[in-house]
Each structure stands twice: as C-alpha cells, then as structure tokens.
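Here are my comments on the model you sent round, set out point by point so that each can be checked against the coordinates.

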Amino acid sequence: MTQKPPRRGTALRLHRQLERIWSPDPRFRGWLTTNNNNDVGRLFLAVATLFFVIGGLLAMLIRAQLATPGSAFMGPEAYNQVFTMHGTVMMFLFAIPFFEALAVLLLPGMLGTRDLAFPRLGVYGLWVYIFGGSAVIVAMLMGLSPDGGWFMYPPLSSAAFSPGIGADVWLLGITSIEVSAIATAVEIVVTVLRYRAAGMSLSRMPIFAWYILVVAVMILTAFPPMILGSLLLETERALGWPFFQVENGGDPLLWQHLFWLFGHPEVYIIFLPAAGMIATILPVMARTTLLGYGWVVAAAVSLAVLSFGLWVHHMFTTGIPHLGLAFFSAASTLVAVPTSIMIFSWIGTLWKGRVQMKLPMLWLLGFFATFVIGGLTGVMLAIVPFNWQVHDTHFVVAHLHYVLIGGYVFPMIAAVYYFQPLLTGRFHYFRLGAVAFWLVVPAFHITFLAVHVVGLLGQRRRTWTYDEGQGWELLNLIASTASFVMAIGFALVILDIGITTFSGLRGKRNPWGATTLEWAAPMPSPAYGFASIPIVRGRYPLTDDPDLPQRIARGEGYLADTSRNRREALIVTTTTGKPLQVAVMPGNSALPILLAVVTSTSFLAPLVQAYWLSALALVGVVIVALVWVWTTAPRQSEGLVDAGHGARLPVAAESPDPPGWWGSLFLLVADGVHFGSLMFGYAFLWTVAPNWPPPSYLVPTLLPVLLALGGAAALAAGPRLAARAVATGHRTALALVLSLFGALSLATAAASVMLARQDPAGHAYDAALWLLAGHVGFHAALAVIMLGYLALRRISGHGLRVGEARIVSLWADFTAATGLVALAAAWLPGTFA
Amino acid sequence: MLAGSLAILVLVLALLIAALLRRPAQSDDSERGTGLWLWTLGLAFPLTTLAALTVYGLQMGERLLPRDTPDLVTVTAEARQWAWTFGYPDAPGLATDGVLHIPAGRPVDVQITSRDVVHSFWVPRLAGKLDALPGHVNVLRIEAPAPGTYSGQTAEFNGAGYAGHVFTVQAHDPAAWVRFLQEGPP
C-alpha cells in the first residue's frame, strides 16, 4: 500500500471550518438551542440516568418495606404509590429514553453520517420527555402519584375508584413521553434508511443499525395502542365517556388488550437495543467478526414480528377460551427460538475469537449468566397451567427483573464503558469498575433467586406487607439485604463513569480495535462527526482500509467542501447506498424547545383543570409548528450541487421524496396503527362487552354520506393534481381549492355524526362514534392547516416544491382513506339494523 | 421443568466458558461453525424442546379443564373491595361472606365475577387463579381432595385493602354438606 504523506494542514483547516458551521452556541443558552446529536444525546443520557437513580431509590423503599413482616415503615397508601412509580419510572422514564439516548449519540457515527435525519425533531423529543418526566416526579414528591400499579387496570384506575389526579398524572405524563418516543423513532428509521456513508448497502450496515431500525419500527407500531388506551381512559375519567364501565357498554378487558398489545412488544423494544449492543461489542472483545450476521438480522426481525402475537400471555387468567390460550402459549414459547439463535451466535463468536477480558466483556458475561435464567423462567411462564399458579406472585417479579436487568441494564453498562472513550475522549484507568461489577452481579442473583423462591411459596406481588409464620421472613430479609448491596454497586458504577468522564486519561483513536465507522471519527467525536462522508466497500470498513480515518479527516470523502457554509449530509439509496441527494440540516434554534413547552403545556394543563390553557397551548403548537416549517424551508431553488468525487446531486428539499416525505410516511404508519387500534376497540366492545347492542343506532342520511364520498375523493385527488401542476409548471390554485373543499366536506360529514348522537357519555357506542368522528375531524383539520401552508407559500411568492405537495398528498390520502373507513364503521350498523 | 431448565442452563454456561477459555492461535473471521452454532444449537435445539414442552403443557391444561360430570356442584363467588360473597344455587338465598363452603371429593364449578374492580380468585392448593371481572362470569373447576379448610386470596392488585383481601374454603364431608345447604353455616 502506498502511504501518502500526512497532510495535516488540510485536515486541520477542514476541522476548523466544520467546527464553525456545526458547533452550538458556546454560551449557556447553547444547551437550549443546540440540535446537534452529540449534545442532545448527552442530555438525554444524563436525564435518563437521573431517572434510573430515582427508580432505584424507589426500589430501595420497596425492599426496606418487605424486609420484615408486618413492617410499619410504610402504609398501603404510600406503598402502592411507591411500587407503581418504581415500575413507571423504570419502564417509561429510564429504559426507553436510555437506549434512545445511546442511539442518538452513536447512530450517525456508525452509519457514517454527520447527524440524525431530523435534528430538531430529536431536540423536541428530548424536551417533551424532560417536561413530562419531571411532571410525573413532581407529582410524586407532592404525594399525588398514581397508585394502581404500572399497568393501571380499570375500573381500579377509573374515576370511581381512583379519584384525585394520580391516574391523570400517569395517563398524561406517560402519553407525552410516548409522543417523544415516537418522534425519536421516526428520526431513527429515516436516518437508518437514508442517511449513510456512500456505498453502505443494507447488508453492510453495522449490526446495531439493524437492531435499532427494528426497534424503531416496533415503537411506531406498539406505542399507538397504548396511546389510544390512555386517550380512552382519560376521556372516561375527565368526560365520563364509558369505555370501561360495564353498565354503559364498556368493558375493562378492552384496556388489558390495548395495554398488553403495547406491553409485550415493549419488553422486546427494551431488549433488542441491548442485544444490538452485545452483537456490536462482543466481536470486538473477541477480536473477530460476528458469526452469522444474516442469521442475527433475521432473528431480530422475527422476534419483533412474534412479539406482537403474544400479548394475551399476560392475560392467561382472564378467562380466555383454552384453544385461544393454546395458540398464544405456543407463540410465547416460539419467541425463545430467535433469542436462542442470538445467544448461540454470540457464543459461537466467542468460540472462534480470542476473548480479552476487559470491563465491557465482564458485564457481557454478567448478561449471559443472568439473561439465560430469565429466559428459562420465561418459557416456564408461557406454560399455561404453571402460569395459572404463579401469575401475580413474586415469581413473576423475579422473572421480569432477570430479563430486564440481566438483558438490558448489564449490556447497557457494557455499552457505556465501551463507548466512553469515543463520547468523552477519556479512558478508564481505575479498578473501581471491576469492584462495582463484583458487587452488582452476585448481589443481584442473591436478591432475585430469593424473590423467585418466595413467589413459588405463594407471596403475592404488590402486597404492602405480610404476616409472620408463612416461611417468607428469611428469604425476604436476604433479598432486601442483597438488594442494598446491589444498589451500592450501581452507585459505584455511576461514580466510576463520572470520574472517568471528568478526569480519565486521554488516548488514541479506536482503542478497542473496532471495525466500524464510528471509531473513524476523532475522539471525542466533534459536532460535525466526519470531516467528509466516508466511502465504504465492506461491512468492516476499518479492517478493509486502516487508513480510512485519516482520509476522512483530509476530506477525501463526499461533502468535504465547506464553501456553501451550511450543515450538509449525504442521502443515499435505501438498499444499495448510492449517493442520491444532499440534505441541508437546520442550524441552532430555540423553536424545538418552544414547541416542546407548548406541547407539554397542552398535555399537562388538564391536570389542574386548566382546560382553557390546554386549548390555548394547542393553538400555540400549531403556530410554532408552522413557523418551524416556514423558516426551515429553503427560499430559492439551486438545482444540482457539487457533492465531491464529481457527483452533482440535487438538494433534498428539491427532490420528489425529501426527508419530510419519509418522516411523514413512518409517522403515518404509527397513525394507522392508532386508527386500527380504535377500530379493534370498537369491534371488541361490540362483540365482547356486556350490555350491547346499544339501545338505538345512528341511521345515516343521504347528505353526509355524499359529503363523505365526495370529500374523500376531492381530498385524494387535489394534492395529487397540485404536485403534478408544480412539476409541470402549471397553476396550482384550483387543485388547492379542490383539496380544501374535500377536507371541509369530510369534516362536515364527521360533524353530522356528533350532531346526530349528542350524548357520548350515555353508552360506549356513542362514545366510540365520537372518537371515530373525532379522528376524521382531527385529520381533516390537519389537512386544512397543511393546505393553508401550501397556499401561503404560493401567495408569498416562494413557490411550491413537488416534495411539499407530495407530503401533503400523503397525509390527505391517509385522511381520506381512514375517514371513509371510520364513517362506514359509524354508519353501516345503523343502516342494516 | 426445573430439571430441564437447569440442564439447559448448565449446557449454555458450559459452552460459554469453553468459548472463553479457548485460545485459537489466530482469530477466525470466517463463517465456519454456522452448522453447529446456528442450525443445530440456535434453531433445531429450541424448536424440539419447546414443541415437547408446549404439548405437555396443553395436555396438562386440558386435564384441568371443566368437564361435565353428574355429581357437579356449582357455587358463585362475587368479589368487591375488599370482600368475597359466595352463593349456592342449590340453596337459593343462602350466602356466606369470606368463607366458601364446598363438598369434599366432588368437582365444583365456581362462577366468578366482580361487583367493582378486577380481582382474582386463587386457592393455591385447589387450582390456579382466575380473574373476577365486572360484567363477565368466569368458571373455575376446583375439587377438594378431603374435608378441611383451604386458604384463598385475591391475586390481582385491587387497591389499598389488597394485602388483607383473603378468604377460606371450607370443604365438608357429604353429611355436613347436606346440613350446610339446609341450615346454613354452623
């Protein structure tokens, strides 16, 4: 190989220019206006860790209470709040945000790009999470926490049995955090599919990118049922719409279906990112490559698919027919197959390599020892008769802690140690990490083995105390004592990482000898990531070309030209990774945090009955969102630009499929699942709930039906015609007016449903009709706003772009299609009754 | 099940330790070993064990299912926060609070429902648990092997009184059962 003499001058000049373009505001306010993935990810990670500490303290309270029988430490009221909050904080405020934080930090580097696809959306997600999470914690400190268990079964969580705002804090706080998770998921999917190094085809992607892609799609499909469930329960609590009240046609089982439709995939949403980290770190620690890359990708995908077929296994004791149980039992055991493929792929990888026992590897061994046990008790739980006995005992508690701590927390600690040099530029030099490991892992096993046994001896979960003489005293005392040792261990881990972050040794690039692109960046990774977009020719770019980091720094990849003086990234074709477009990324801005403030206000104001404030904030959301879009859209067309290596590429905003189109597509996937859940709920109540059919039906009249049909057709056709008119340079006014007419007709048809049935609190049928009509009305309003934006762009003389018209067209199609389905579901039963 | 699980655990950990101790002279970047690690251990091994386990579990479950028998007795159980009321269709009007009376040695169908929130009926020595849902009646088949008392409890979190929400099952010999139906609880 011929080595060029190092041209430090070029690299340094490029570094300075890119730093100027990409760096955040150096003043304190920079933290509020930055949208760089390094800053967002760090804040995300710090906040998620803080919530882990809070959840851990709550766990200590639980174990202190259970250490002795008849404990007077807490009464049932306090205990019920504490265990509900422990579950809620760990699942929603720690587990999901923590891996999202790591993905935000690491994904651009792994993929060889400079930032995530929608940097501002990421900031927005971060702040919504911080505000929502803080509200939940503040409510807890005021003694106003939910106390119905983290899965909030109605009617216990309904207004009649949970007066006060505890349940509302849960529903509104958690929903806002789910909105943030969906924002991040959209960002991740579009980044993985479109923003990569040149030549990085799907099969050359680092394994973590595959895992996180699967997880993000799962978030988009699993969270909407939960959001719908929260919406139903909150409208029942606030407005009396009887979705779960049996007397008026509701059914509490509906909640359980919606909750576990989310809740089971959620377990894999948490496990798969950890598995992705294992598959990334393990081969490096063993100085080899992952055995069976394709197998592992297939296993991750099939695990995701299977996980949506098992929600009923949380409901084995609800009286579901045995044949149904047989199906779900088989599906539940089947999920062990892809897991086993992953486990043996990893052991096979260790087998063919030479393992170095560094700290990340130690934690991965902790994962193996723990997770395999958790998986085996999971298989036991999938066996129906066994489940009937141990359901809702401490056996289940022990099982889920084995899976979640062993399968998630241990690998994540390994990941933090592994990536610390990259993120902070500092190296671990201290023995404290190993000490912490030997405190945490043995103490964990002692704690939860004891909890397993006490569960088999019949101790129920969620009982605030227990009597002497049942043989549980010693086991509980052992579990509590060991759990405190474990807590000290976790505190040492955090301390150790903190010490290294601020005082570790500086070191050279790629200390572990990794093969993937993120290690080609300087350490610590600068705001711009790569000085030029790398060109890769294989799955292990740093093995294929050890000189790659220097060449990237010298600007020998794509987009090394800084003369356009703006943040640019490369968009590639989804499957082959061929350079396709140049994305222009937005600069620092206070808009995302402003939007997060108004969004959170509209979510949280109902807690103090400030509905007017909530409505006002909603108007604020629309205004800020419009300003955001308006100011981001480019003013002039620039045609093809020079991307380096002789490539002249269009700017993304001028392409027919700009990033916004892809983002809308995946957001609509989530929206579609939400709508599907709504239809499922309606059909479920109709067929399963007692007190159906309703006393009377909605009988449609001709005019609304015609309005709906005509409106849907106009709404589907209008934006298409507009897009075509823009492409061919014709006038767009007529097409926009046609679309507007369509949206308004559809909204009128939806309003007719509400006018005909004026009492949504009377029967679940009417409440469901209002929600169906509400879905149509909401999306029609959204379409009107988007059309108004297009019209404004046209009037102000900025000109329309095909991409923008196609984005609106996507939303309009969705509105027209689901609108027709929703209205048909509202009208058809009455027509044939 | 426990023994099988332990065997699998030992196998996996033994392979893991062997992989750690193994020090090949040169790291192997090839895909050799797919047949053993992925086809055999990853795919075939769990498929066979799980198939066997699932079939076994379903057969067990079938055996626990309620079947029609001539000497079947039906009782009702209604849960509320935080008490149980039991009724006896064989003796209309008779109701007991906190104690369920059944005949020993005969299959008993318990019709379980709830007046308010979700509860769960669980007598560990007689059967698994089954939820009490408002608006639904779930039927659980139990059979007490001998006369005596069996303790039962609610097994779905139901609010502040959850820990103390317990009940007992009193199983009678044939004579005492007839006397109970005629005269109520002693």
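The points below take up one helix of chain A and then one sheet of chain B.

1. Please keep in mind throughout that this is a predicted model, and that the values quoted here are computed from it.

2. Helix α7 of chain A runs over residues 207-239, and its 33 residues, at 1.5 Å a residue, should span 48 Å, which agrees with the 47 Å that separates its end C-alpha atoms. The helix nevertheless has a kink of about 30 degrees at F223(A), a position shortly before the proline P224(A).

3. As to its surroundings, α7(A) has 28 of its 33 residues buried, and it is therefore largely enclosed by the rest of the structure. The residue that follows α7(A) is G240(A), which has a positive phi, near 80 degrees.

4. Within this helix, T235(A) deserves a separate look. Its relative accessible area is 13%, and because buried means under 20%, T235(A) counts as buried. Which backbone oxygen does the side chain of T235(A) reach at 2.9 Å? It is that of L231(A), while the backbone oxygen of L232(A) lies 2.8 Å from a polar atom of the T235(A) side chain. Leaving aside residues up to four places away in sequence, T235(A) touches G240(A), W241(A) and F243(A); G240(A) is thus both a contact of T235(A) and the residue with positive phi that follows the helix.

5. In chain B, five strands form an open sheet with mixed pairing, in the order β4-β10-β9-β6-β7. Strands β4 (99-103) and β7 (130-132) of chain B stand at the edges, and since each has a single partner strand, one side of each is left without a neighbour in the sheet. On average, and with direction ignored, neighbouring strands of this sheet are turned by 30 degrees against each other.

6. Two of the pairings in this sheet involve β10(B), and they can be checked residue by residue. With β9 (residues 148-154) of chain B, strand β10 (residues 166-172) pairs in the antiparallel sense over six bridges; here G152(B) stands opposite F167(B), and Q153(B) stands opposite V166(B). With β4(B), by contrast, β10(B) pairs in the parallel sense over five bridges, and H101(B) stands opposite Q170(B) in β10(B).

Technical notes. Residues numbered from 1 in each chain as written. Chains lettered and ligands numbered in written order. Predicted model: local features only at pLDDT ≥ 70, side-chain atom pairs only at ≥ 80, totals over all residues. Heavy atoms only, no water. Helix = DSSP H or I, 4+ residues; strand = E, 2+ residues; numbered from the N terminus. Expected span 1.5 Å × (residues − 1). Bend = angle between axes of the 7 residues up to and from the residue. Buried < 20%, exposed > 50% of the residue type's maximum accessible area, 1.4 Å probe, protein only. Polar contact = N/O pair within 3.5 Å; in protein donor to acceptor, adjacent residues only side chain to side chain. Contact = heavy atoms within 4.5 Å. Pairing = 2+ DSSP bridges. Axes fitted to C-alpha atoms, helices over the stretch in contact; angles between N-to-C directions.
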